[in-house]
Amino acid sequence: MALNLRHKQTECIIRMLNLNQTVISPVGAGVGTANEEVYKILIYDRFCQDILSPLIHVKDLRKHGVTLYFLVDKDRKPVHDVPAVYFVQPTQLNIQRIVSDTSKALYDSFHLNFSSSIPRPLLEDLASGSVNSDSIQRISKVHDQYLEFVTLEDNLFSLANKNCYVQLNDPSAGEKEIEEIIEKIVSALFCVLATLAVVPIIRCPPGGPAEMVASLLDQRLRDHLLAKNNLFTEGGNFTSSFQRPILCIFDRNFELSVAIQHEFRYKPLVHDVLGLRLNRLNVKGEKGGMKSFELDHSDPFWMANGSLEFPEVAVEIETQLNKYKKDVEEVNRRTGGNAGAEFDGTDLIGNTKHLMSAVNSLPELTERKQVIDKHTNIATALLGEIKERSLDSYAKMESEMMIRGGIDRNELLSMLRGKGDKMDKLRFAVMYLISTESLSPSEVETVEIALRESEVDTSAFQYVKKIKSLNISLASANSASRSNIVDWAEKLYGQSISAVTAGMKNLLSGDHQLALTRTVDALMEGKPNPEIDSFLVFDPRAPKSTSGSSSSHLKGPFKEAIVFMIGGGNYVEHGSLQDLARSQQPVKHVIYGTTELLTGGEFIEQLAVLGKKMGLGSGDIAPAVK
Amino acid sequence: MTKVRDRTEDFKDSVHRAALNLGYNEFKTATIMASFILQKRRERSPFTKAALKTLESIGALEQFLMTHKKDYLDLRRTTEQERDGIEHEVTVFINSCKEQIDVLKNSINAEESNSKGWLGIRGDNLNADTIAHKHGVVLILSEKLHSVTSKFDQLRAIRFQDAINRVMPKRKLKSGIKNATESSNLQSTEVNNSDVREANEFQAEPIRVQQQVLDDETRALQVELASMLDAVQETETKMVEMSALNHLMSTHVLQQTQQIEHLYEQAVEATKNVQLGNKELSQAIQRNSGSRTFLLLFLFVLTFSILFLDWYS
């Protein structure tokens with residue numbers, strides 16, 4: 001059984017659109033007699049709009065009887081005779097709007113669906129508001145949908161949680177704020193697990209936000225399983241590890257280089273350079289206008305060739321185009337080109353048959369042509385950007401740096417003075433910092449001077465430099481700053497430093513595999529391995545007392561895994577995890593999720609914000625210890 | 001599938017508590033709680049009733065197709081006339097459904113144009129949202145009808161394929177027989193010729209008669225085959241025509257769907273425009289009132305200055 005997150009989420013949404021009744025099987029069972037509420041209006045808020053847009057198109061909405069769809073904020077007019085389906089987040093503002101809508105009697109009946117569990121106080125607000133306005137009879141149902149996450153592909157999801165890395169690593173963050181963030185992440189992860197209907201075994205590296213998230217999630221799952229009518233299939237005690245997947249939680253500081261590096265594969269390139277958001281892409285077309293494309297599971301070329309390097313992708317487009325031209329020629333030959341042939345009976349009948357098959361295959365051919373055109377457009381736009389910013393040389397140099405562990409000084413300076421915009425140069429410089437084993441201060445200074453020459457804001461650079469320098473004097477940093485910072489935040493900070501230390505050492509091995517992939521592989525294998533032995537284990541189903549003895553069977557090889565990255569992830573990690581899953585015998589399945597999908601540029605911006613917060617502006621060279 | 005958490009019970013509890021907090025007496029609380037259980041039968045507008053009826057009829061059409069699909073396709077169960085009868089019924093049904101959809105669409109347009117005749121005093125029923133909703137309903141109905149029609153087209157296409165296949169082997173068989181008879185004729189004529197050469201002229205006369213008879217037979221067969229060929233060609237042209245008509249009908253339904261989709265999108269645009277228009281109006285009102293006060297003040301000051309100057313001089 002493969003865990004297909006997108007499929008399950010779509011099922012839940014369709015069920016919600018059918019007013020949470022059991023879906024009537026559409027094949028020949030008759031329509032309309034039992035189900036009087038066929039036409040409905042869908043109302044959502046901005047977050048839920050992001051959830052719905054990669055999953056359902058407007059045409060599919062019509063198939064389920066939704067005639068209109070509006071934002072909750074919009075000024076809406078009354079429409080009689082129809083039930084309204086609300087799909088919103090449980091916030092105070094939304095509740096107020098719902099109450100005002102019911103009092104204005106905009107629609108006949110209200111079916112309220114909240115994307116995660118609505119807390120008691122808000123429910124009471126809703127109740128008192130509607131009792132006050134005497135409109136109780138209009139609210140028919142209230143449901144918790146547990147769908148507070150955005151699924152982009154079958155095995156890729158994101159929580160759309162902005163600036164999570166900044167908030168977690170902020171040295172001035174208080175205990176309450178960090179707890180809030182962890183709480184949000186845990187509730188969203190709980191929604192993911194509830195949609196998949198699995199209770200996984202949780203593993204995480206010790207220390208840092210990963211451990212906090214894991215323990216809170218474990219607690220939440222335990223409490224929920226003890227309550228009656230829980231959401232997970234009643235399967236008794238699943239002790240065999242074959243049935244349960246493993247949930248690995250990582251922190252971004254585990255491997256910093258992947259988020260910053262320039263990549264040359266198709267999917268990461270499109271995401272990084274052209275700004276792919278919620279599977280939508282806006283590209284300058286050949287005639288100059290902006291065109292919008294959709295890149296998701298319905299596009300066979302994207303699915304098949306997403307992880308190829310860019311030159312190979314261009315070759316693939318060529319071959320597809322040639323194949324298409326050949327097919328079109330054949331169709332033409334069979335049907336139209338027979339003008340000169342003799343017209344006897346057999347040919348006429350043959351022609352009819354060919355005509356019919358040609359007419360049937362025409363829509364398929366036009367679709368193929370559209371896909372090829374779309375990708376040609378995208379590839380042309382990408383090529384323009386790559387040439388302008390010489391992204392291929394950046395990518396090559398960075399991967400060489402990671403493998404070799406250092407770089408020739410002249411090459412470094414020539415790259416920094418060459419082509420590419422400011423963000424590229426900053427990324428390159430940060431990669432240099434991360435990958436070089438031993439930094440000599442003079443080199444670092446020359447790099448900084450070169451950066452400042454190109455008018456690049458160096459706060460991110462300073463931040464990473466400071467982190468790396470703290471790496472050496474770890475113990476003293478802990479003791480020196482204890483007096484100033486809140487205890488909790490300090491503990492977090494210190495642990496993040498140690499995690500970054502470990503992350504610095506997670507350079508790429510010779511076969512160019514990400515540290516994340518190696519670790520996940522080791523965790524799924526379950527054999528003792530020095531890298532992962534320090535990882536903690538949480539099992540929500542096991543009773544609290546037994547933690548050590550019965551855990552041996554839990555470490556067996558797992559067939560499915562859910563990998564979650566706190567602080568930001570990208571398509572590179574997703575791609576490499578999919579490669580890992582496919583290359584195993586038997587084929588395993590890995591779902592990758594993160595708090596938000598960041599491009600390299602966006603992540604550097606977050607680092608820069610952190611640098612500025614620590615007072616490391618672009619002016620001073622010496623790191624200022626707060 | 002995951003079970004979804006139904007919080008209606010919790011909601012009812014909160015409602016109960018809220019009612020008690022607000023000091024409602026027992027009777028009121030009881031009525032409120034009862035309203036959860038007794039769902040009032042809401043009066044439906046005629047539009048919705050008509051739309052639901054059309055939906056039911058399209059559903060009935062689909063069921064009819066499903067039940068008769070096997071009979072239609074299987075060659076042994078039905079005769080050609082029965083199949084034609086089924087086709088005829090289905091076509092009539094499709095036409096009636098299309099008429100119902102047209103009636104609904106015209107009613108929306110009529111309401112819109114009627115309301116515009118008044119001084120902009122529209123009832124509650126005719127705001128942009130409701131019109132967009134009604135267009136949406138009509139669009140959904142028309143899409144459903146289109147899907148049923150295309151299924152029917154597919155069944156028809158299968159029937160034609162079968163018919164063509166049936167004709168082809170027969171013709172092959174016929175031409176095979178024709179060749180066989182020709183070759184047998186040739187053989188027999190050869191034999192006859194050899195016989196003739198062997199036999200003398202006294203046997204020429206009856207042999208020639210035999211040849212004559214065989215020739216006649218051959219010619220008769222040829223005529224028969226030619227007529228069959230003509231019949232087949234006629235059938236084929238008829239079938240091509242029918243498939244063309246099929247396509248035409250489905251394109252018509254498709255066109256109608258597209259038109260309705262167009263109208264629906266325009267209606268949705270209209271709701272957005274109405275919202276923008278409201279905003280602009282409120283801005284204009286603000287500006288208007290602001291400038292009015294300024295103007296009044298200005299005139300006031302001018303009047304008093306004129307009076308003052310007059311009094312002064």
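Visitor: How does H4(A) pass H5(A), in a left-handed or a right-handed crossing?
Guide: In this predicted model, H4(A) passes H5(A) in a right-handed crossing.

Visitor: And what is the angle between those two helices?
Guide: Helix H4 (residues 92–103) and helix H5 (residues 120–132), both of chain A, pack at an angle of about 20°. Their axes are 9 Å apart. Angles under 35 degrees count as roughly parallel, and H4(A) and H5(A) are therefore roughly parallel to each other.

Visitor: Which residues make that contact?
Guide: From H4(A) the contact takes Gln92(A), Ile95(A), Ile98(A) and Val99(A). H5(A) contributes Leu122(A), Asp125(A), Leu126(A), Gly129(A) and Ser130(A). By class, the residues of this contact divide into 5 nonpolar, 3 polar and 1 charged.

Visitor: Let us turn to H7(A) and H8(A). At what angle do their axes cross?
Guide: The axes of helix H7 (residues 175–196) and helix H8 (residues 209–226) of chain A cross at roughly 55° and come within 9 Å. That angle makes H7(A) oblique to H8(A). The crossing of H7(A) past H8(A) is right-handed.

Visitor: What classes of residue are in that contact?
Guide: The contact of H7(A) with H8(A) has 13 nonpolar, 2 polar and 2 charged residues. On the side of H7(A), the residues include Ile178(A), Glu183(A), Phe190(A) and Leu193(A). Among those they meet in H8(A) are Pro209(A), Met212(A), Arg220(A) and His224(A).

Visitor: Glu211(A) is somewhere around there. Which helix holds it?
Guide: Glu211(A) lies in helix H8 of chain A. Its relative accessible area is 29%, so Glu211(A) is partly exposed.

Visitor: What does Glu211(A) touch, apart from its sequence neighbours?
Guide: Leaving aside neighbours within four places in sequence, Glu211(A) is in contact with Cys204(A), Pro205(A), Pro206(A) and Leu536(A). In addition, the C-alpha atoms of Glu211(A) and Ile249(A) are separated by 8.1 Å, although these residues are 38 residues apart along the chain.

Visitor: A different residue now: is Gln261(A) buried or exposed?
Guide: Gln261(A) is buried, because its relative accessible area is 9% and buried means under 20%. Gln261(A) is placed in the loop between helix H9 (257–260) and helix H10 (266–274) of chain A. Beyond neighbours within four places in sequence, Gln261(A) is in contact with Glu398(A), Ser399(A), Met402(A), Arg427(A) and Met431(A).

Visitor: Which non-glycine residues with a positive phi can you point out, for instance Asp81(A)?
Guide: Phi of Asp81(A) is near 75°, a positive value in a residue other than glycine. Phi of Leu278(A) is also positive, near 50°. As background, most residues other than glycine have a negative phi.

Visitor: Where are Asp81(A) and Leu278(A)?
Guide: Asp81(A) is in the loop between strand E2 (66–71) and strand E3 (83–88) of chain A. With a relative accessible area of 10%, Asp81(A) is buried. Leu278(A) is found in the loop between H10 and strand E10 (280–284) of chain A.

Visitor: How many residues are in the largest nonpolar core?
Guide: The largest nonpolar core has 65 residues. Those with the most contacts inside this core are Tyr39(A), Tyr86(A), Tyr107(A), Leu112(A), Phe11(B) and Leu141(B). Its largest share, 11 residues, comes from helix H5 (residues 128–198) of chain B. A second, separate core of 57 residues includes Ile51(A), Phe310(A), Ile317(A) and Ala379(A).

Visitor: What is Tyr107(A) in contact with?
Guide: Apart from neighbours within four places in sequence, the contacts of Tyr107(A) include Ile41(A), Phe70(A), Val79(A) and Tyr86(A). Arg76(A), Lys77(A) and Arg138(A) are also among them.

Visitor: Finally, the chains as wholes. How many helices and strands has chain A, and how many has chain B?
Guide: Chain A has 23 helices and 14 strands, while chain B has 6 helices and 1 strand. Along its sequence, chain B follows the pattern β-α-α-α-α-α-α.

Visitor: What share of each chain is buried?
Guide: In chain A, 54% of the 626 residues count as buried. In chain B, buried residues make up 28% of the 313 residues.

Terms used
Residues are numbered from 1 along each chain as its sequence is written. Chains are lettered from A and ligands numbered from 1 in the order in which they are written. This is a predicted model: local features need pLDDT of at least 70, side-chain atom pairs count only at pLDDT 80 or more; totals for chains, interfaces and linings use all residues. Side-chain values use heavy atoms; hydrogens and water are left out. A nonpolar core is a set of buried Ala, Val, Leu, Ile, Met, Phe, Trp, Tyr and Cys residues joined through side-chain atoms within 4.5 Å. Buried means under 20% relative accessible area, exposed over 50%, partly exposed in between (1.4 Å probe, protein chains only). Helices (H or I, at least four residues) and strands (E, at least two) are DSSP runs, numbered from the N terminus. Contact means heavy atoms within 4.5 Å. Axes are lines fitted to C-alpha atoms, for helices over the stretch in contact, and angles run from 0 to 180 degrees between N-to-C directions. Angles under 35 degrees count as roughly parallel, over 145 as roughly antiparallel, 65 to 115 as roughly perpendicular and the rest as oblique. A crossing is left-handed if the near helix is turned anticlockwise from the far one by less than a right angle, and right-handed if clockwise. Ala, Val, Leu, Ile, Met, Phe, Trp, Tyr, Cys and Pro count as nonpolar, Asp, Glu, Lys and Arg as charged, and the others, Gly among them, as polar.
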